[in-house]
Every structure is written in structure tokens, then in C-alpha cells.
Amino acid sequence: MNRDLIEQRRRQRAQFLDRLYDEVDADVSTFVSAWEVATAIGIGEADARRVLEYFAEKGFVHVDDHRAGTVRLTAAGLDHIEDSR
């Protein structure tokens with residue numbers, strides 16, 4: 001796999017999590033559309049699904065509805081973002 005593509009995906013994941021944190025105002029009980037978060041940072045649907053599944057696997061987001069893309073930040077995701085900022 002191309003190194004540039006790997007870096008692009010890492011940037012997309014970081015941008016997604018940062019934007020999600022801002023959208024929910026650091027609240028783990030607020031649900032939002034992952035698709036709207038992805039669109040706001042310029043990520044297409046296929047990449048958005050990849051990002052969402054990655055963070056669900058890591059336990060950083062809770063997916064309430066996979067089709068609608070309804071998600072919330074988990075405590076682990078919140079801690080990760082705040083530790084990295």
C-alpha cells in the first residue's frame with residue numbers, strides 16, 4: 001500500500017475524531033450523524049464508513065445506528081482526544 005494513502009487515512013481519522021469531539025462539545029451522551037461530521041471535513045462515504053468502523057473497533061465511538069451513521073463519543077474516545085491535544 002502506498003505510504004501517502006496510509007498518511008491520508010491517518011489524517012482523516014484524526015480530523016474525524018477532532019470534529020466529533022467539537023460537535024458534541026466533549027459530551028459522551030450526545031448523538032450526532034457521523035456522515036455529517038465526515039462531510040464537514042471532506043471525507044467521502046466509503047472513507048467515512050472505514051473511519052467509523054475503525055473507531056468503533058477501538059472503542060472510541062459507540063454506533064447507535066450503522067445505516068444512519070448515528071454515533072456518540074465514548075469516554076475512551078474523549079480521553080484519547082484530550083490526551084492528544
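Q: Why does Thr 74 count as buried?
A: The relative accessible area of Thr 74 is 13%. Buried means under 20%, exposed over 50%, and partly exposed in between, with a 1.4 Å probe and protein chains only. The value of 13% is under the first cut-off, so Thr 74 is buried. This is a predicted model, in which local features need pLDDT of at least 70 and side-chain atom pairs pLDDT 80 or more, while totals for chains, interfaces and linings use all residues. Residues are numbered from 1 along each chain as its sequence is written, and side-chain values use heavy atoms, without hydrogens or water.

Q: Where is Thr 74, and which residues does Thr 74 touch beyond four places in sequence?
A: Thr 74 is in the loop between β3 (70–73) and α4 (75–84); helices (H or I, at least four residues) and strands (E, at least two) are DSSP runs numbered from the N terminus. Outside the residues up to four places away in sequence, Thr 74 touches Val 28, Gly 59, Phe 60, Val 61 and His 62, where contact means heavy atoms within 4.5 Å.

Q: What makes Ala 76 partly exposed, and which residues does Ala 76 contact?
A: Ala 76, in helix α4, has a relative accessible area of 38%. That value falls between the buried and exposed limits, so Ala 76 is partly exposed. Apart from neighbours within four places in sequence, Ala 76 is in contact with Gly 59 and Phe 60. From Ala 76 to Ser 29 the C-alpha to C-alpha distance is 13 Å, and the two are 47 residues apart in sequence.

Q: How many aromatic pairs are there, and why is the pair of Phe 16 and Phe 55 called stacked?
A: The count is three aromatic pairs. The ring centres of Phe 16 and Phe 55 are 6.3 Å apart and the planes are at 15°. Rings of Phe, Tyr and Trp (its six-membered ring) pair if their centres lie within 6.5 Å; planes under 30 degrees apart count as stacked, over 60 as edge-to-face and the rest as tilted. Both values for Phe 16 and Phe 55 meet these limits, so the pair is stacked.

Q: Why can the pair of Phe 16 and Phe 55 be said to tie together parts that are apart in sequence?
A: Phe 16 lies in helix α1 (residues 3–23) and Phe 55 in helix α3 (residues 45–58), so the pair joins parts 39 residues apart in sequence. Phe 16 is buried at 1% relative accessibility, and Phe 55 is buried with a relative accessible area of 4%.

Q: What makes Phe 55 and Phe 60 a stacked pair?
A: The ring centres of Phe 55 and Phe 60 are 6.0 Å apart and the planes are at 25°, so this pair is stacked. Phe 55 and Phe 60 are both buried.

Q: Which residues form the aromatic cluster, and what lies over the face of Tyr 54?
A: Phe 16, Tyr 54, Phe 55 and Phe 60 form one aromatic cluster. Arg 13 lies over the face of Tyr 54, at 4.4 Å from the ring centre. A charge sits over a ring if NZ of Lys or CZ of Arg is within 6 Å of the ring centre and within 35 degrees of the ring normal.

Q: Which residues line the largest cavity, and which helix supplies the largest share?
A: The lining consists of Arg 9, Gln 12, Arg 13, Asp 47, Arg 50, Val 51 and Tyr 54. The largest share, four residues, comes from α3, and α1 and α3 each supply at least two residues. By class, the lining has two nonpolar, one polar and four charged residues. Ala, Val, Leu, Ile, Met, Phe, Trp, Tyr, Cys and Pro count as nonpolar, Asp, Glu, Lys and Arg as charged, and the others, Gly among them, as polar.

Q: What is notable about the phi of Asp 25 and of Ala 26?
A: Most residues other than glycine have a negative phi. Asp 25 has a positive phi of about 55°, and Ala 26 has a positive phi of about 60°; neither is a glycine. Asp 25 lies in the loop between α1 and β1 (32–33), as does Ala 26. Asp 25 is exposed, with a relative accessible area of 66%, whereas Ala 26 is partly exposed at 28%.

Q: Why is Ala 48 called buried?
A: Ala 48, in helix α3, has 3% relative accessibility, so Ala 48 counts as buried. Beyond neighbours within four places in sequence, Ala 48 is in contact with Trp 35, Ala 38 and Ile 43.

Terms used:
On a 1 Å grid over the protein atoms alone, a cavity is a set of points where a 1.4 Å probe fits but cannot get out, and a pocket is an open set with protein on both sides within 12 Å along at least five of seven lines; lining residues have an atom within 4 Å of a point.
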